[in-house]
Amino acid sequence: MAAEPVAWRADGVPCSERFDDIYHTETGALAQSRHVFLGGCGLPGAWSGQPQWRILETGFGLGLNFLTSWQAWRADAHRPRMLHYVSVEAYPVGPHDLLRAAGAYPELMPLAEQLAAQWHGLLPGFHRLAFDAGRVLLTLCIGDVQPMLRAQRFEADSIFLDGFSPQQNPPMWSPDTLKAVSRFARQGTGLATWTYARAVRDALSQSGFRLERRPGLPPKRDCLAGVFAPAWTVRRRGPAPGHIETPGSCAVIGAGLAGAAVAASLARRGWQVMVLDAAGQPAAGASGLPVGVMAPHVSPDDALLSRLTRAGIRATWHELERLLEEGRDWRASGVLERRPEGDTRVPAGWSDSGPNESWPASAAQLAQARLPADAPALWHARAGWVRPQRLITAWLRGPGIGFRSNARVAHMAHGGGAWQLFDAEDRLLAEAQRVVVAAGFESGRFAPALPLQPVRGQVMWGAMVADDGLPATPINGDGHLIAHVPADDDGTQLWLAGATFDRDSTDLEPNGADAAANRERLERLHPAAAAALAASLDSGEARAWVGVRCASGDRRPLIGPLDADDAAGAPGLWACTALGSRGLSFAALCAELLAAQWHGEPLPLPANLAKALSTGRTQT
C-alpha cells in the first residue's frame, strides 16, 4: 500500500485526486482547525481541569487537526493530564506531505517533525504513536471507516468529522457511518464539522445529536456544531465498564519487564505505584537476560501473533528512543531471520519499499551478515537488540514509582477499599487500592486459574576479541546470535547466543547438556560465528545464564482482571503476565492496554486483538 499522493495547487492548497477535493479550505488549515473543530467543540476550555480528553476524528488527512489540538494542549496551563486522539484514515499520505502541509505554520512545524518521525509501517490496522513522554497518544486506524470504528471501544469527549465532501466521499458521511460514530458519544460529547449538508444534519439528529449552525470560514458560509443529547435512553452493548476517574495507589508484584512497564504506564496517568520484588534488585528473573533480540513475527497470512508483535515493537520502540541511549543500551540495527529452506513468504504485496518493515533479505544483507547469498532469510528493519535491565531501570526511575526489594509477597487481603500485601511472617509490605500481578512464572501463586507454564532457558555469552568476525546485526531463527554489544566497562563488547526451551522446569543451575545444545544451534544458525567462537567455547571462557520465562497455554500474554475466586470477590486485582520469550516486544503494549482498560481510554489495539490477550479468554 503506497502512500496516498497529494497534488499541490499553485496557491499551496493540497488536493486529493482520488476524491477530486481539497484537504482544507482555501482560508487555511490552521484557521479551519481552530474555528471549525476546536471552536465547535469548545476547546480548549471544555477540557480544562479534566484528567484526560478523548477526541475521535474521521479523516486524518494531512494531520493538521491533530497538530492544532496538540499545540493547543501544550499551550494550556489547565490541560488534561492525557490527550487521546483517535483518527480513521483509509489512505494515509507520505511523511513529506505531512511536513509540507505544516510548513506554512511555524508553531506547528516542530510537532509535525515529531509526527513524521513516527510515520512509518502504516499497514492496515491500528498504530499507536506517542508524544510528550506518552501523555499525547495518537491512535491511527488505517482502513475503511466502518470496520475501523467497529474495532475501537471508548467514549469520546469530542468528535471531529473531517472527511472529503459528502458528494465526493459518500461512505464517510452515510447514515450508517454517522450512527457508528454516535456509539462513541456519551451525554454531552461535542461534535464539529465543516459541512452543513442536509443529509448529514438529518443523520446526526436521528443519531441523538442536538445541532447548531455556526458561521463557516470563507468560502463556506456555514459549519456545524453539536452535542450528544438524545431524547431516549441509550442502550450500550454489555455491562457498564467500571472505569477509574481519579488515579490512586497501586502495588505491582514483580520488577521485570512486565511489572516495570505497568508501573510506568500507570504513573504516567497519575498513579502512585509501589513495585515489590522478592529479589534484591529489579530484573532478577527472566528479564535479567544480558541482552535480548527484539524482532517481529511474520507470517504469510499476517496472523494474530504477527500483528501483535508489530504493535508491541512500536510501543517499545518509542520507550527505547525516549529513555535509553541508542548504541549503548539498545541498537536499532535491524535483525536478519534465518528461515527454513524455501520459506521466505510474507503477506501478499509486501516488499522492501514498504510500508511493511519486514521482507525477504537481499544478497547484500546476507553478505553483510556473513551468510551465503542463497540462505533463506527475512530482513526486519524495525528490530534490534536491547539490554532489558537498562529499560527496566529507566521505567522504575520515573516519578510516582517506588521500588521495594527483598519483598516476597506471601498472601494478600482486601478490606476497607484497599489491598494489603504481606510477607511470610505476616508483615505488611504494602497497601494499595489496586494490585497488578506481574511476577512471571510465580504469578500462579496469586492467579491459580490462569494456565501458566514455566519455561526454562539457558544461553551462552562472553566477551568478544578483536578477530571474532561476528556479524554486526543480530541473527535469529532457530535460536539467536547477538554480537558487538557494549559492556559496562572500557570498550569491551559482548556476544550472546541461545536459547534452550525447557517447559515445566524452574531449575536455575546451568547444565552441560544445554550448553552443548546451544552450541549445536549456533552451528546451524551461523556456522562462521560458531567457528569463530570455538576457541572460547572449548576453553570454558564462555559463560552461561539461566532464566525461567512464564508462558500461557496459547503462548500469548495475559492482561486483565482475575477471577472472583482468585480475588475472594474483591475488586482491583489484575494480572499482566505470561509474556514468554517476547517480553521486549510485549511489555510496553500490554501495560498500555491495561491502563486503557482501567481509564476507559481508546484501545491501542483493535478490540479482537485486545480480547486475544485478555485473562477472560482462559477463565470460565
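Here are some worked exercises on a predicted model.

**Exercise 1. Size it up**

Task: Compare the radius of gyration of the protein with what a compact globule of 620 residues would have.

Solution:
- Start with the rule of thumb: a compact globule with 620 residues would have a radius of gyration near 25 Å.
- Now take the value for the protein, which is 26 Å, so the two agree.
- For the extents, the C-alpha trace spans about 85 × 65 × 40 Å along its principal axes.
- As for the inside, 59% of the 620 residues count as buried.
- Finally, the secondary structure inventory comes to 16 helices and 32 strands.

**Exercise 2. Walk across a sheet**

Task: Find which strands stand at the edges of the open sheet of eight strands, and say why one side of each is left without a neighbour.

Solution:
- Write down the strand order first: β6-β7-β5-β4-β8-β9-β11-β10, with mixed pairing.
- The edges are β6 (125-131) and β10 (209-215); each has a single partner strand, so one side of each has no neighbour in the sheet.
- Ignoring direction, neighbouring strands here are turned by 20 degrees against each other on average.
- Zoom in on one pairing: β9 (residues 185-193) and β11 (residues 222-228) run antiparallel and are joined by four bridges.
- Within that pair, L191 sits opposite G226 of β11.
- On the annotation side, an unreviewed UniProt entry gives "domain: MnmC-like methyltransferase" for residues 107-227.
- That span is 26% helix and 35% strand, and its end C-alpha atoms lie 30 Å apart.

**Exercise 3. Check a helix**

Task: Test whether the length of helix α8 (residues 257-268) agrees with 1.5 Å a residue, then work out how enclosed the helix is.

Solution:
- The twelve residues of α8 should span 16 Å at that rise.
- Its end C-alpha atoms are 16 Å apart, so expectation and model agree.
- Next, burial: twelve of the twelve residues are buried, so α8 is largely enclosed by the rest of the structure.
- The buried set includes L257, V262 and L266, and also R268.
- Just past the end of α8, G270 has a positive phi of about 105 degrees.
- R268 turns up once more, in a network of salt bridges with shared partners that also holds R128, R269, E319, R322, E592 and E601.

**Exercise 4. Sort the salt bridges**

Task: Take the pairs R9 and E26, E337 and R339, and R345 and D343, and decide for each residue whether it is buried, partly exposed or exposed.

Solution:
- Some background: side chains of opposite charge can pair when their charged atoms come close.
- The structure has 34 salt bridges, and these pairs are among them.
- You need the cut-offs: buried is under 20% relative accessible area, exposed is over 50%, and partly exposed lies in between.
- R9 and E26 have an N to O distance of 3.7 Å. This pair links distant parts of the chain, 17 residues apart: R9 is in the loop between β1 (7-8) and β2 (14-16), while E26 is in the loop between β3 (21-22) and α1 (29-38).
- R9 has 33% relative accessible area, so call it partly exposed; E26, at 42%, is partly exposed too.
- E337 and R339 have their closest N and O atoms 2.9 Å apart. E337 comes in at 12%, so it is buried, and R339 is buried at 16%.
- R345 and D343 come to 3.3 Å between the closest N and O atoms. Here the labels split: R345 is exposed at 51%, whereas D343 is buried at 18%.

**Exercise 5. Hairpins and neighbours**

Task: Work out which strands pair with β27 (residues 479-486), then look at the hairpin formed by β21 and β22.

Solution:
- One partner is β26 (residues 475-477), which runs antiparallel to β27 with three bridges; I475 has L481 as its bridge partner.
- A hairpin connects β26 and β27 through one residue.
- Another partner is β28 (residues 493-498), also antiparallel, with five bridges to β27; H480 is bridged to G498.
- Seven of the eight residues of β27 are buried, so the strand is largely enclosed by the rest of the structure.
- Over to the other hairpin: five bridges hold antiparallel β21 (residues 411-415) and β22 (residues 418-422) together, with H411 partnered by F422.
- Two residues lie between β21 and β22, and G416 in the turn has a positive phi of about 65 degrees.

Conventions. Residues are numbered from 1 along each chain as its sequence is written. This is a predicted model: local features need pLDDT of at least 70, side-chain atom pairs count only at pLDDT 80 or more; totals for chains, interfaces and linings use all residues. Side-chain values use heavy atoms; hydrogens and water are left out. Two strands pair if DSSP finds at least two bridges between them. Axes are lines fitted to C-alpha atoms, for helices over the stretch in contact, and angles run from 0 to 180 degrees between N-to-C directions. UniProt positions are given in the numbering used here, feature names are shortened, and annotations may be inferred rather than shown by experiment. A salt bridge is a side-chain nitrogen of Lys or Arg within 4 Å of a carboxyl oxygen of Asp or Glu. Buried means under 20% relative accessible area, exposed over 50%, partly exposed in between (1.4 Å probe, protein chains only). The expected span of a helix is 1.5 Å times one less than its number of residues. The radius of gyration is taken over C-alpha atoms; the globule rule is 2.2 Å times the number of residues to the power 0.38.
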